[in-house]
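Dear colleague,

I am handing over the structure we spoke about, with the sequence alongside. Please open it before reading on, since the notes after it are easier to follow with the model in view.

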Amino acid sequence: MDAKALDALGGELLDWRFKAIPASAHGMTVRAAREARLPLDDFGTPLLTLDAGALDRNVRTMARWTDDAGLLLAPHGKTTMAPELWRRQLDAGAWGITVANLPQLRVARAFGVRRVLYASTLLDPAGLAWLAGELDESLDFEFVSWVDSVRSVELMDGALRAARSQRPVDVCVELGEPDGRTGVRDDGDAREVADAVRKALNLRLAGIGGYEGALAHDASERSRASVDAYLRRLANLYRGLEYEVDEPMVTAGGSAYFDQVADVLGGPVAEEGGRVVLRSGAYIIHDDGFYKGISPFVRGAGAPFRSAMHAWGRVISRPEPALALLDVGKRDVPFDEGLPEPQLVRGKGPLDGARVTALNDQHAFLRDSDAEEGDVVRLGLSHPCTALDKWTMIPVVDDADARHPVVVDYVRTFF
């Protein structure tokens, strides 16, 4: 990555644009605030924080696991959209960074990411023209996209030809499933798409890919069986195609079933001279909800991740004996994969038996707690992909379990 672009983030001024930043830090640079080690007590609510120890543990755990499994890792950047966190993942050995759309790709290139896996089909003519320029100007830039129809191949090839691209764009044929998301449904159609890619002057067949997470949403035996069946289809299709690169790839693997990707695809693909690229992204943050319940490491595949994100909300009203209202809501925390989980009152201790039963835009309904007006409640969250996108500057604390955490860093996001 571009060290100068990353280091420049430390010179950004903190002010009212960042809702996590207290007025006492306005006018400071990120670098100066980091060195000041401000107490979390100085920060207002609502607030989202990351935990330094959990981030480090999760990055090291996943890097070690993929290395032991003989797989490559291109973490999905959409989870955090934080180049500083991408750098941690790359420094730990990640093969590249995955993105899902053109704006995310532009962020990656702005910070010098040199190997990008585009887990979608790029058909925007202006975007393809820009991509052609990036590839032509930066010979060390590696890019792989997806296609799932002959029409997509024709559109990509035509746009690149119009842009007078000098380097072919590597693409993977995307395999889908009925009632799934994108991807060719029929294996015969997939072979036709592959043939079209090989005939296109501005494209090069580099592998196959897909997303098994679109087929299941839990760790039941039935769901895991459907994932295995899909991955076997990927393996069979991989064996039946002729590629235009020396090391073709098979790419799969979100953050829920990457152990099955390793079991089904790892050996066969490696034996035939290919490479398996995982795109797991949520692991660096993890959570106290959906991923905590479905992660392969919960099923015994490895040492468990820790949730690195927490929200903090203050009790601003107790209008009924069993009801407290916190100043944190849908604008601040995720709710698509479960409501926040009350964990503790800062400076006092655990909240046993308390629960959040509803969220409004700016309020959380906290029931069955003894938290008083003015108390700050820490909340466990579910689904990092819809948590970090609500915050443009996120404080990183030394230890979220400490009685009085200290802010030791700041993470800038670009959603």
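What follows is a summary of what was found, beginning with the sheet, then turning to the cavities and pockets, and ending with two points of backbone geometry.

Please keep in mind throughout that this is a predicted model, and that the values given here were computed from it.

The sheet

The sheet is an open one, built from 8 strands that run in the order β2-β9-β8-β7-β6-β5-β4-β3, and the pairing is parallel. At its edges lie β2, at residues 72-73, and β3, at residues 97-99, each of which has a pairing partner on one side only. As general background, the strands of a sheet are held in pairs by backbone hydrogen bonds, in either a parallel or an antiparallel arrangement.

Starting from the β3 edge, β3 pairs in the parallel sense with β4, which covers residues 115-118, over 3 bridges, and within this pairing Val99 has Tyr118 of β4 as its bridge partner. The chain passes between these two strands by way of helix α5, residues 102-110, and together β3, α5 and β4 make a right-handed β-α-β unit.

β4 in turn pairs with β5, residues 142-147, again in the parallel sense and over 3 bridges; here Leu117 has Val144 of β5 as its bridge partner. Another right-handed β-α-β unit is made by β4, helix α6 at residues 125-137, and β5.

Elsewhere in the sheet, β7, which spans residues 203-209, and β8, which spans residues 249-252, are paired in the parallel sense over 3 bridges, and the bridge partner of Gly209 in β8 is Thr251. Helix α10, residues 258-271, packs on the sheet, where it touches both β8 and β9, the latter at residues 275-278, and the direction of α10 makes about 165 degrees with that of β9.

Enclosed cavities

Rolling a probe the size of a water molecule over the atoms is a way of showing where empty space is left. In this model, 2 cavities of 30 Å³ or more are found.

The largest cavity holds about 70 Å³ of space, and the residues that line it include Trp146, Glu174, Arg181, Tyr211 and Tyr230. Sorted by class, its lining has 6 nonpolar, 3 polar and 3 charged residues.

The second largest cavity has a volume of about 30 Å³, and its lining is made by Ser255, Ala282, Tyr283, His286, Tyr291, Ser295 and Phe305. Of these lining residues, 4 are nonpolar and 3 are polar, while no charged residue is present.

Open pockets

The largest pocket has a volume of about 560 Å³, and among the 32 residues that line it, those closest to its centre are Lys78, Arg181, Tyr211, Gly254 and Tyr291. Arg181 and Tyr211 also belong to the lining of the largest cavity, while Tyr291 is likewise one of the residues lining the second largest cavity. Helix α11, at residues 290-294, provides the largest share of this pocket's lining, with 3 residues. By class, the lining of the largest pocket has 12 nonpolar, 13 polar and 7 charged residues.

The second largest pocket, with a volume of about 270 Å³, is lined by 17 residues, of which Glu142, Phe143, Val144, Asp170 and Arg204 lie nearest its centre. Strands β4, β5, β6 (169-174) and β7 each supply at least two residues of this lining, and β5 gives the most, with 3 residues. The lining of the second largest pocket divides into 10 nonpolar and 7 charged residues, with no polar ones.

Backbone geometry

Most peptide bonds are trans, and most residues other than glycine have a negative phi. Against that background, two places in the model may be worth a look.

One is the peptide bond from Thr45 to Pro46, which is cis, with omega near 0 degrees; Pro46 is placed in the loop between α2 (30-36) and β1 (47-51). The other is Arg164, a residue other than glycine whose phi is positive, near 60 degrees, and which is placed in the loop between α7 (150-162) and β6.

With best regards

Conventions. Residues numbered from 1 in each chain as written. Predicted model: local features only at pLDDT ≥ 70, side-chain atom pairs only at ≥ 80, totals over all residues. Heavy atoms only, no water. Pairing = 2+ DSSP bridges. Helix = DSSP H or I, 4+ residues; strand = E, 2+ residues; numbered from the N terminus. Contact = heavy atoms within 4.5 Å. Axes fitted to C-alpha atoms, helices over the stretch in contact; angles between N-to-C directions. Right-handed = clockwise from strand over helix to strand, strands pointing away. 1 Å grid on protein atoms, 1.4 Å probe; cavity = no way out; pocket = protein on both sides within 12 Å on 5 of 7 lines; lining within 4 Å. Points joined across faces, edges and corners; volume = space filled by probe spheres on them. Nonpolar A, V, L, I, M, F, W, Y, C, P; charged D, E, K, R; others polar.
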